[in-house]
Amino acid sequence: MDIQVRTIGDGEREKWVRAGDASFSEILKEDEVAAMLPTIDADRSFAALDGDLIVGTSAAITTRMVVPGGARIPTAAVTMVGVSPTHRRRGINTSMMRAILEQAVERGEPVGALFASEGAIYGRFGYGLSAYLGEFQAESARMQYVRGYEPRGRTALVSREEAMPLIGRIYDEALRPGGVERSAVLRDLRFASVGEDKDKSWFYAVHLGADGEPDAYAVYSMKHEWPRSVPAGTIEVRESMASTPSGYAAIWRYVFDIDLAATVEAWGRPADEPLFQLLREPRRLRFGLMDGLWVRLIDIPTALGARRYARDGRLVFDVSDPFRPANDGRYELVVEDGAGRCEPTDDEPDLAGSVNVLGAVYLGGVSFGQLAEASQVEERREGSVRLADAMFASFPAPWCPWAF
């Protein structure tokens with residue numbers, strides 16, 4: 001079977017979108033397709049074709065990701081990956097992943113990132129689990145804050161039209177390592193009331209600080225329940241971000257205090273959710289963790305040189321990259337005054353592992369020590385794991401709040 005992988009033309013966007021969702025056994029409604037079309041960059045959207053039939057889809061969003069130290073680096077944000085049930089297990093996804101990496105190299109993107117529908121898929125393409133995501137189902141009545149908390153500013157409910165530019169601004173200001181920039185069209189898709197969300201009532205709460213500037217928001221809906229005439233509704237938080245600590249505390253105080261609700265549900269939260277230290281009863285959050293952002297280093301020297309480090313030092317990595325053998329080899333990382341410089345070397349290595357390892361530790365949310373315990377890192381020189389963890393340490397924990 002001869003399968004061709006290529007980027008699509010502008011006139012193929014709708015066909016491509018429908019093929020992508022069919023691979024997930026979904027049929028999009030017309031309003032969902034219409035909402036997605038403005039976000040499709042044909043030049044970055046790949047189709048696998050069996051004749052004229054699209055049997056596989058994948059794409060890369062052109063964006064930048066925040067890395068430790070605050071720099072924002074070009075990133076291939078991989079999305080819309082799927083293969084038709086009729087054509088699976090034939091190497092189609094492998095061909096598409098290779099095409100995306102080759103294009104990222106041409107565009108000068110040193111890293112790729114994605115959210116995996118199933119974690120087992122992407123390890124073989126060099127991605128490492130770099131950041132976790134949290135979710136909670138909080139008991140509203142038990143969400144009292146610790147003593148000494150004092151609210152500041154005020155929270156206002158605004159229209160969707162008023163909210164969008166404020167959300168865009170706060171989201172960008174609040175990004176931490178692992179966070180990716182989001183264009184206006186992708187922001188609008190994130191909050192589009194289409195498909196199953198069409199009949200929900202969405203509310204847009206924005207917090208204004210003591211200076212009157214917006215510094216936090218929460219977008220949510222309410223599912224009403226009245227067992228035996230007792231209000232027991234559920235608040236579904238689609239997204240909440242804050243650019244200041246006071247805004248963070250205030251916007252969640254507002255959400256937990258909404259009348260007629262018994263439960264607040266939120267997904268896509270940071271692994272180090274500050275609510276754990278703000279609540280008197282953090283156990284009542286019923287917080288859970290899952291895999292979140294997967295990262296792959298495409299240009300190892302550029303990627304390692306782009307972030308900042310917590311400690312100076314020198315390390316030599318022996319890296320294997322079966323999917324992209326051009327990356328195989330040894331790399332010397334030298335950090336002085338927090339700035340890193342990385343280049344190929346023939347020196348004896350301190351640590352050895354796959355390119356997945358570098359992707360996992362890149363944002364500072366996973367340690368070399370953890371990976372060594374999981375038999376993913378080999379320490380060639382005693383003390384190197386401890387040194388590497390001190391150098392790569394970063395606060396806060398990496399978090400990508402938008403699952404692209």
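## A walk through a twelve-strand sheet

The protein chain exposes about 18500 Å² of surface, and carbon and sulfur atoms supply 48% of that area. Keep in mind as you look around that this is a predicted model.

Let's start with the whole thing. Of the 404 residues in the protein chain, 51% count as buried. The C-alpha trace spans about 70 × 55 × 40 Å along its principal axes. How does the radius of gyration fit with a compact globule? For 404 residues, a compact globule would come out near 22 Å, and the protein chain has 23 Å, so the two agree.

The secondary structure comes to 11 helices and 17 strands. Contacts tell you something about how the chain folds back on itself: among those with a separation of 6 or more, 73% are between residues 24 or more positions apart.

**The big picture of the sheet**

Now for the main feature of this tour. There is an open sheet of 12 strands, and if you walk across it you meet them in the order β1-β2-β3-β4-β5-β12-β6-β11-β10-β9-β8-β7, with mixed pairing. Which strands sit at the edges? They are β1 (4-7) and β7 (154-158), and each of them pairs on one side only. Neighbouring strands of this sheet are turned by 25° against each other on average, direction ignored.

A bit of background helps here. Strands of a sheet pair through backbone hydrogen bonds, either parallel or antiparallel.

Here are some of the pairings, with the number of bridges and the direction:

| Strands | Bridges | Direction |
|---|---|---|
| β3 and β4 | 10 bridges | antiparallel |
| β4 and β5 | 4 bridges | parallel |
| β7 and β8 | 5 bridges | antiparallel |
| β8 and β9 | 7 bridges | antiparallel |

**Around β4**

Zoom in on β4, which covers residues 72-83. Is it mostly covered or mostly open? It is mostly covered, with 10 of its 12 residues buried. On one side, β4 pairs with β3, and you can find Thr-63 there with Thr-75 of β4 as its bridge partner. These two strands form a hairpin with 5 residues between them, and in that hairpin Gly-69 takes a positive phi near 105°.

β4 also pairs with β5 (residues 111-115). Look for Ala-77, whose bridge partner in β5 is Ala-113, and for Val-78, which stands opposite Leu-114 in β5. How does the chain get from β4 to β5? It crosses through helix α3 (residues 92-106), and this β-α-β crossover is right-handed.

**Helices resting on the sheet**

With β3, β4 and β5 in view, two helices are worth picking out. Helix α1 (residues 13-22) packs on the sheet and touches β2 (45-50), β3 (53-66) and β4; its direction makes about 95° with that of β3. Helix α6 (residues 245-256) packs on the sheet as well, touching β6 (128-139), β7, β8 (202-208), β9 (214-223), β10 (233-242) and β11 (261-270). The direction of α6 makes about 20° with that of β9.

**Around β8**

β8 is one of the strands that α6 touches. Since 6 of the 7 residues of β8 are buried, this strand is largely enclosed by the rest of the structure. Its pairing with β7 is antiparallel, and here Leu-157 has Ala-205 of β8 as its bridge partner. β8 pairs with β9 too, again in the antiparallel sense, and Tyr-204 stands opposite Val-219 in β9. The hairpin of β8 and β9 has 5 residues between the strands, and Gly-212 takes a positive phi near 85° in it.

**A few backbone oddities**

Let's finish with some spots to hunt for in the backbone. Arg-228 is found in the loop between β9 and β10. Its phi is near 50°, a positive value in a residue other than glycine. Is Arg-228 buried or exposed? With a relative accessible area of 83%, Arg-228 is exposed, because the cut-off for that word is over 50%.

Leu-260 lies in the loop between α6 and β11, and it has a positive phi of about 70° although it is not a glycine. Leu-260 is partly exposed, with a relative accessible area of 38%.

Finally, which peptide bond is cis? It is the one from Phe-395 to Pro-396, with omega near 0°. You'll find Pro-396 in the segment after α11 (384-392).

Definitions and conventions: Residues numbered from 1 in each chain as written. Predicted model: local features only at pLDDT ≥ 70, side-chain atom pairs only at ≥ 80, totals over all residues. Heavy atoms only, no water. Pairing = 2+ DSSP bridges. Axes fitted to C-alpha atoms, helices over the stretch in contact; angles between N-to-C directions. Contact = heavy atoms within 4.5 Å. Buried < 20%, exposed > 50% of the residue type's maximum accessible area, 1.4 Å probe, protein only. Right-handed = clockwise from strand over helix to strand, strands pointing away. Rg over C-alpha atoms; globule rule 2.2 N^0.38 Å. Areas by Shrake-Rupley, 256 points an atom, 1.4 Å probe, with all protein chains shown as cover.
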